[in-house]
2 protein chains.
Amino acid sequence: MASKVAFQGEHGAYSQQAANKFFAKKIETVPCKEFEVVFNKVKSGVIDFGVLPVENSLTGSIHKNYDLLIQHKIWIAGEVKLWISHHLLALPGVTLKSIEKVLSHPQALGQCEGYLKKIKHIEPTPYFDTAGSAKFVQETGDPSLAAIASAEAGKIYGLKTLGSSIEDNQNNFTRFIIIRKSLKNNMSVKKADKTSLVFALKNIPGALYKSLSVFAIRDIDLLKIESRPIHGSPWKYMFYLDINGSCGDEKVAKAIEHLKEVTDFLKLLGSYVRA
Amino acid sequence: MASKVAFQGEHGAYSQQAANKFFAKKIETVPCKEFEVVFNKVKSGVIDFGVLPVENSLTGSIHKNYDLLIQHKIWIAGEVKLWISHHLLALPGVTLKSIEKVLSHPQALGQCEGYLKKIKHIEPTPYFDTAGSAKFVQETGDPSLAAIASAEAGKIYGLKTLGSSIEDNQNNFTRFIIIRKSLKNNMSVKKADKTSLVFALKNIPGALYKSLSVFAIRDIDLLKIESRPIHGSPWKYMFYLDINGSCGDEKVAKAIEHLKEVTDFLKLLGSYVRA
């Protein structure tokens, strides 16, 4: 039976493409309205995996998903990077001249700002979703509307491509994580070369430096650090760390034990193969 | 002559309140449509100061302003923290029952989600600005509309308060920085006890740890670390650091010199008095 993989958005979303790229075999993708629904479906066990964007190479981290990673008991089982290429899509037979409004997620509109400014008569209009905006153009049948979404979304909703790869900066990649309910077997940890964890520091001098030293003294490379506010404790932060190595490696396991001495809160999010 | 202080938003914006709190004397506040306009006006010298939100205690950093701090030659001259308290505002004579839509910045709508869910007949509607949504309700004269903004905005636009401090979490503070064209005299640096800087690391092993060690070995506390993607270099980051002390202190100056050995890019953003 094909694995079920939940993603946020409509069919044709970049997250769905990321899921297909990661699994490279037949899967059943399940669209969800919100990121939180993806977490809930995976946690409850009705869906095997979830795929969630966590970072874009131009705009930075998707903080909502970082925050949800603390709240939900799940395990990061993998990651995948996807090149994001936006297309201007409209109903068949429609030409650029008759388009009045272009709908898409505000981030996609922003990434195509230069292209859109050149076509002066088109008004950029925020929509909740990229693939959703393509679906909306199909459903309304309105020839004055266009959408910015993936080529895949164009195919799914029977739209014509008026412009390909219209983003201003082509170094546009998104990194997605694959989540599952729990660590099923140790195989994935054995092959893993990347570990994600999150912690809150004790209120002691030099705490952040000390927390990073537990990795440095063991020659474990830091791949990424991200801070998020702690609700209810203004100007205090959770730190999200990606490090080189697997929690199955002795030196990583020792570093994490050592880290507990300078942290108030510590959660291992997962060990997996680096994309 | 009163100093001119630029802020993003309409009259009644939280940024304008932050400016008045910081200067505690008569100033002339100048509304600007976008953050970038504030930077440009200060850089060109037509306005003396700018006030910009950089961090909220619930939602985290305002990344747009972090990114603009690199692009513009300006100096951080101070900071101020403001308690954010949202109010539900409508035209005089209007009652809660007749409200159909509530307009505000999506972040303000999110911060009042619990309150709004209890009033089932009101539809939350995104608007570009908090104070701007109050101005819009006044201008349209539409009794079915309400806005979420500051009490100050309610007064300015002659609106009635239907609900006070309606935010779900009252630990809602925003930190603003005060920018000016350049360091005018050394006075502010002498009194300063906080320094902000931004850097990109050389591609050497343990670079992040080494960059933080230049402060740790001199007992200089790290107050905040924030990473932002570098455009055109996927998965590489700029690090924004707030540290204890002034760039006028010998040990801070030495640490910054030392930091240059492990960085490709380094910009001192300012030394100022901690709020």
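Modeller: Let us begin with the term on which the sheets rest: two strands count as paired if DSSP finds at least two bridges between them. The model under discussion is a predicted one.

Colleague: What makes β13(A) and β14 of chain A a pair?

Modeller: Eight bridges join β13(A) to β14 (residues 233-244) of chain A. The criterion asks for at least two bridges, and therefore the two strands are paired. Their sense is antiparallel. As an example, Leu222(A) has Ile243(A) as its bridge partner in β14(A).

Colleague: Which sheet has the order β13-β14-β12-β15, and in which sense do its strands pair?

Modeller: That order belongs to an open sheet of four strands in chain A, with antiparallel pairing.

Colleague: Why are β13 and β15 of chain A said to stand at the edges?

Modeller: Each of β13 (222-230) and β15 (263-272) of chain A has a single partner strand, so one side of each is left without a neighbour in the sheet. On average, neighbouring strands here are turned by 20 degrees against each other, direction ignored. Helix α9 (residues 207-216) of chain A packs on this sheet and touches β12 (194-201), β13, β14 and β15 of chain A. The direction of α9 makes about 155 degrees with that of β12(A).

Colleague: What makes the sheet β8-β7-β9-β6-β10 of chain B one of mixed or of uniform pairing?

Modeller: The pairing in this open sheet of five strands is mixed. Within chain B, β6 (residues 87-90) and β9 (residues 145-149) pair in the antiparallel sense over three bridges, with Leu89(B) standing opposite Ala147(B) in β9(B). For the parallel sense one may look at chain A, where β7 (residues 101-104) and β9 (residues 145-149) pair over three bridges. Four bridges, also in the parallel sense, join β7(A) to β8 (residues 123-126) of chain A. Lys101(A) takes part in both pairings: its bridge partner is Leu145(A) in β9(A) and Glu123(A) in β8(A).

Colleague: Which strands of the five-stranded sheet of chain B stand at the edges, and why?

Modeller: They are β8 (123-126) and β10 (160-163) of chain B; each has a single partner strand, so one side of each lacks a neighbour in the sheet. Neighbouring strands of this sheet are turned by 35 degrees against each other on average, direction ignored. Helix α6 (residues 130-140) of chain B lies across β6, β7 (101-104) and β9 of chain B, running at about 155 degrees to β9(B).

Colleague: What do β1(A), helix α1 and β2(A) make together, and of which hand?

Modeller: With α1 spanning residues 14-23 of chain A, they make a right-handed β-α-β unit. The term right-handed is used because, with the strands pointing away from the viewer, the path from the first strand over the helix to the second runs clockwise. Six bridges join β1 (residues 3-8) to β2 (residues 27-32) of chain A in the parallel sense, and Lys4(A) stands opposite Glu28(A) in β2(A).

Colleague: Into which domains is chain A divided, and what is known of the contact between domain 1 and domain 2 of chain A?

Modeller: The division is into domain 1 (3-83 + 172-180), domain 2 (87-163) and domain 3 (193-270). The C-alpha centres of domains 1 and 2 of chain A are separated by 24 Å. Ten residues of domain 1 are in contact with 14 residues of domain 2 in chain A. The side of domain 1 of chain A that touches domain 2 holds three nonpolar, six polar and one charged residues.

Colleague: How many residues of chain B are in contact with chain A, and what makes them count as contacts?

Modeller: There are 25 residues of chain B in contact with 25 residues of chain A. They count because C-beta atoms, placed from the backbone, lie within 7 Å. Elements of chain B that each supply at least two residues are α9 (207-216), β13 (222-230) and β14 (233-244). β13(B) gives the most to this side, with six residues. By class, the side has twelve nonpolar, ten polar and three charged residues.

Colleague: Why is the relation between chain B and chain A called that of a two-fold axis?

Modeller: A turn of 180 degrees, with a shift of 0.0 Å along the axis, lays chain B on chain A with an RMSD of 0.0 Å. That is therefore the relation of a two-fold axis. Among the residues of chain B, Glu226(B) comes closest to the rotation axis, at 3.2 Å (C-alpha). The same surface serves both copies, since 100% of the contact residues of chain B recur in chain A.

Methods: Residues numbered from 1 in each chain as written. Chains lettered and ligands numbered in written order. Predicted model: local features only at pLDDT ≥ 70, side-chain atom pairs only at ≥ 80, totals over all residues. Contact = placed C-beta atoms within 7 Å. Nonpolar A, V, L, I, M, F, W, Y, C, P; charged D, E, K, R; others polar. Domains from an automatic or database assignment. Least-squares fit on C-alpha atoms with pLDDT ≥ 70 in both. Axes fitted to C-alpha atoms, helices over the stretch in contact; angles between N-to-C directions.
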